[in-house]
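User: Please choose one part of this structure and take me through it closely, then show how the rest fits around it. Keep the language plain.

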Amino acid sequence: MRPLNKGDKIAVIAPANTMASMPEKLIQIGLERMNTLGYRIQLGQNVNKKHFHTAGTIEERVADFHQSFSNQDIAAVMAVYGGYNSNHLLDHLDYNLIKSNPKLLIGYSDVSALLNAVYAQTSLVSLHGVSFASFCDPNMFPEAIESFVRIVNGEAPIELTAPKKTAHDLWYLKKEFGPRDTYPHSGWSVLTEGEAKGKLLGGNLETFLALAGTPYFPSCDSCILLLESAPDEKPAKFDREITQLKQMGILSSIAGLIIGQFPSDSPLATTETMRSILEPALGGQAYPILLNASFSHVDPIYTLPIGREVILRADENPTVVVCQSIYE
């Protein structure tokens, strides 16, 4: 996999929901920001297609995926955003083509299915973080931009800590798309202290569990597991999903756990609620656990490498460290 350099072209595809629902003004903001950062954007041929709730048929979405990986002018592939049913594509992807043309695959939320499946099938690193829609926010958090740029530039080590401010407002529904309703970040919190090192896996919890029992679910042995959920996630549903991870043996095999930040008004934002859900599922496991971390649907979202080693430090100054360049 070659480094992503200034002047390189990034393909933007819609493996789940369509770009057609985005106002043209928003898209132009994203294109201009990416251009300012030094990247050229090529939109997939089918990003604006509609087929029920997805961006075109499975065949159309797969075509954009394969075309992006086979095109030698494309240096990276980024999802428009998430939605539902990126997992439609998994049985139809040519993993030999992907492995023979290694490129960064970038996204989060429903795209977690692709990030983890591609790693499971090819061992290629991908990036859990900003989507193209993130760059369309005229008030995008500088921390989100910085973490993305540093990691695609191949910097290492990169030490990530809690931002000073955060937001979870529906900025894209506002007049002129802002301003953001920011508030002070309460900090990353520690449920269990410790330090661990391992390959990062996971992403959106619901999407990750959709891979269970398939060839696309990666081995989680000794990994650092990242889990994040939709902003309106219900505690009962989150508890059910955590219980499933326990019953699959995942929670007894990992080296550390990172839980992505929930909105401040979510009952899952409290340490007490998280403790009541996680402690019964852990069964006495003592690895480090970090809560309220900036790798979720709440802004800013930092970028992390799926399939590369990170260090989780859950202490009085919690940090997540990207150990090595993603190109090594």
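Analyst:
**Strand E9 and its surroundings**

In this predicted model, E9 pairs with strand E13 (residues 289-293) in the antiparallel sense, over three bridges. Within this pairing, Val190 stands opposite Leu290 in E13. Strands of a sheet pair through backbone hydrogen bonds, in either a parallel or an antiparallel sense.

The pair belongs to an open sheet of eight strands, ordered E6-E16-E15-E10-E11-E12-E13-E9, with mixed pairing. Strand E9 (189-192) is one edge of that sheet and strand E6 (158-160) is the other, each pairing on one side only. From one strand to the next, the twist averages 30°.

Ser189 is a useful residue to follow, and its place is in strand E9. Its relative accessible area is 21%, so Ser189 is partly exposed, given that buried means under 20%. Leaving out residues up to four places away in sequence, Ser189 touches Thr271, Ile289, Leu290, Leu291 and Asn292. For a sense of distance, Ser189 and Gln324 are 135 residues apart in sequence and 25 Å apart in space, C-alpha to C-alpha.

**Aromatic rings beside the strand**

The count of aromatic pairs comes to ten. In one of them, the ring centres of Trp188 and Phe295 are 5.5 Å apart and the planes stand at 50°, so this pair is tilted. Trp188 lies in the loop between strand E8 (183-184) and E9, and Phe295 in the loop between E13 and strand E14 (304-306), so the pair ties together parts that are 107 residues apart in sequence. Trp188 and Phe295 are both buried.

Trp188 also forms an aromatic pair with Tyr302, this one edge-to-face, with 6.2 Å from centre to centre and 65° between the planes. This pair again links distant parts of the chain, with Trp188 in the loop between E8 and E9 and Tyr302 in the loop between E13 and E14, 114 residues apart. Both Trp188 and Tyr302 are buried. Elsewhere, ring pairs link Tyr39, Phe135 and Phe148 into a cluster.

**The other sheet**

Strand E14, at the far end of the loop that holds Phe295, leads to another sheet. Six strands form this open sheet in the order E2-E1-E3-E4-E5-E14, and the pairing is mixed. Strand E2 (40-43) and E14 stand at its edges with a single partner strand each, so one side of each has no neighbour in the sheet. Neighbouring strands here are turned against each other by 30° on average, direction ignored.

Inside this sheet, strand E1 (residues 9-13) pairs with strand E3 (residues 74-79) in the parallel sense over five bridges. Ile10 stands opposite Ala76 in E3, and Val12 stands opposite Met78 in E3. E3 also pairs with strand E4 (residues 104-107), in the parallel sense over three bridges, with Val77 opposite Leu105 in E4. E3 is mostly covered, six of its six residues being buried.

**Core, helix and cysteines**

Phe295, the ring partner of Trp188, also has a place in the largest nonpolar core. That core has 111 residues, and Phe65, Ile242, Leu278 and Phe295 touch the most other members. Apart from neighbours within four places in sequence, Phe65 is in contact with Ile13, Leu89, Leu93, Ile98, Leu105, Leu114 and Val118.

Phe148, from the ring cluster, is among the buried residues of helix H6 (residues 142-152). The others in that list are Ala144, Ile145, Ser147, Val149, Ile151 and Val152. H6 is followed by Gly154, whose phi is positive, near 85°.

Which bonds between cysteines hold these parts together? A search of the whole structure finds zero disulfides. Cys220 is in none, and the nearest cysteine sulfur, that of Cys223, is 4.4 Å away. A disulfide needs two sulfur atoms within 2.5 Å, so that pair does not qualify. Cys220 is buried, with a relative accessible area of 2%. For Cys323, the closest cysteine sulfur is in Cys223 at 14 Å, which is too far for a bond. Cys323 counts as partly exposed, at 21% relative accessibility.

Key: Residues numbered from 1 in each chain as written. Predicted model: local features only at pLDDT ≥ 70, side-chain atom pairs only at ≥ 80, totals over all residues. Heavy atoms only, no water. Pairing = 2+ DSSP bridges. Helix = DSSP H or I, 4+ residues; strand = E, 2+ residues; numbered from the N terminus. Axes fitted to C-alpha atoms, helices over the stretch in contact; angles between N-to-C directions. Buried < 20%, exposed > 50% of the residue type's maximum accessible area, 1.4 Å probe, protein only. Core = buried A, V, L, I, M, F, W, Y, C linked by side-chain atoms within 4.5 Å. Contact = heavy atoms within 4.5 Å. Phe/Tyr/Trp six-rings, centres within 6.5 Å; stacked < 30°, edge-to-face > 60°.
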